[in-house]
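Work through the following exercises with the sequence and the model side by side, and try each task before reading its solution.

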Amino acid sequence: MSERGATDTGRAGPSTPSTGGRGRAERRAPLGRGAALGRYVVIERLGEGAMGIVYAAFDPELDRKVAIKLWHPTRSRRGDEVRARLLREAQAMARLSHPNVVAVHDVGVVDDDVFVAMEFVDGETLNSWQERQRRSWTEVRDVYAQAGRGLAAAHAAGLVHRDFKPE
């Protein structure tokens, strides 16, 4: 298991046919292998949460695998405000450097959706780690303390994680 904790961790593609593109309430279908997201090439979908979809992708310019979180499109008239806030948060995340927090490499907008490209950490969730075998209370404490140190570093940098969980 990696010592780094991801905050969770994209999507893009053709617009849904309508009056000039994808409406705010519509979600684009998840991307498949080989789909482009800006300069990135999707390898596979890793997961989805309330805020967006996370993909493993390849960055051909830097020749490395990355994780990309593509935030779900905004479903309100305040879409521009929300997009601007997400971009500011991603920029703040990119300034954070801590051994228990994934590094942010890039942030951008594709088809009005904000994405963050970050360090790809090959590992497992804390839930999977705990279920794979019986762990001592000190092992569990130590791993959760690492995650807590990453969260504390984010708070010290003025960031608030709204979805911290073992998954």
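A salt bridge here is a side-chain nitrogen of Lys or Arg within 4 Å of a carboxyl oxygen of Asp or Glu. The model is a predicted one, and side-chain atom pairs count only at pLDDT 80 or more.

**Exercise 1. Apply the salt-bridge rule to Glu-124 and Arg-132, and describe how exposed the two partners are.**

Step 1. The closest N and O atoms of Glu-124 and Arg-132 are 2.5 Å apart, and the pair forms a salt bridge, because the rule asks for such atoms within 4 Å.

Step 2. For the surroundings, the cut-offs are under 20% relative accessible area for buried and over 50% for exposed, with partly exposed in between. Glu-124, at 29% relative accessibility, is therefore partly exposed, and Arg-132, at 48%, is likewise counted as partly exposed.

Step 3. Turning to salt bridges that share partners, Arg-39, Asp-59 and Glu-61 are joined by them into one network.

**Exercise 2. Find how many salt bridges the rule gives, and explain what the pair Arg-39 and Glu-61 ties together.**

Step 1. The count under this rule is five salt bridges.

Step 2. One of them is the contact between the side chains of Arg-39 and Glu-61, with a distance of 3.7 Å from N to O. Arg-39 sits in the loop between β1 (36-37) and β2 (40-48), while Glu-61 sits in the loop between β3 (52-59) and β4 (64-71), so the pair ties together parts that are 22 residues apart in sequence.

Step 3. The accessibility of the two partners can then be compared with the cut-offs: Arg-39 has a relative accessible area of 30% and is partly exposed, whereas Glu-61 reaches 59% and counts as exposed.

Step 4. Another salt bridge links Arg-45 and Glu-48, whose closest N and O atoms are 2.7 Å apart. Here Arg-45 is partly exposed at 41%, and Glu-48 is partly exposed at 40%.

**Exercise 3. Place β4 among its neighbouring strands, and decide whether β4 is mostly covered or mostly open.**

Step 1. Begin with the chain as a whole, which contains three helices and six strands, and whose elements follow the order β-β-β-β-α-β-β-α-α from the N terminus on.

Step 2. β3 pairs with β4 in the antiparallel sense over eight bridges. The two strands make a hairpin with four residues between them, and Asp-63 in the turn has a positive phi of about 55°.

Step 3. β4 also runs antiparallel to β6 (residues 113-119), to which five bridges join it. Ile-68 illustrates both pairings, for this residue of β4 is the bridge partner of Tyr-55 and also stands opposite Ala-117 in β6.

Step 4. β4 is mostly covered, since six of its eight residues are buried. In the protein chain, buried residues make up 36% of the 167 residues, and the chain exposes about 9600 Å², of which carbon and sulfur atoms supply 51%.

**Exercise 4. Locate Lys-165, and state how far Lys-165 is from Asn-127 in sequence and in space.**

Step 1. Lys-165 belongs to the segment after α3 (137-156), and its relative accessibility of 38% places Lys-165 in the partly exposed class.

Step 2. Lys-165 and Asn-127 are separated by 38 residues in sequence, and their C-alpha atoms are 9.2 Å apart in space.

Methods: Residues numbered from 1 in each chain as written. Predicted model: local features only at pLDDT ≥ 70, side-chain atom pairs only at ≥ 80, totals over all residues. Heavy atoms only, no water. Buried < 20%, exposed > 50% of the residue type's maximum accessible area, 1.4 Å probe, protein only. Areas by Shrake-Rupley, 256 points an atom, 1.4 Å probe, with all protein chains shown as cover. Pairing = 2+ DSSP bridges.
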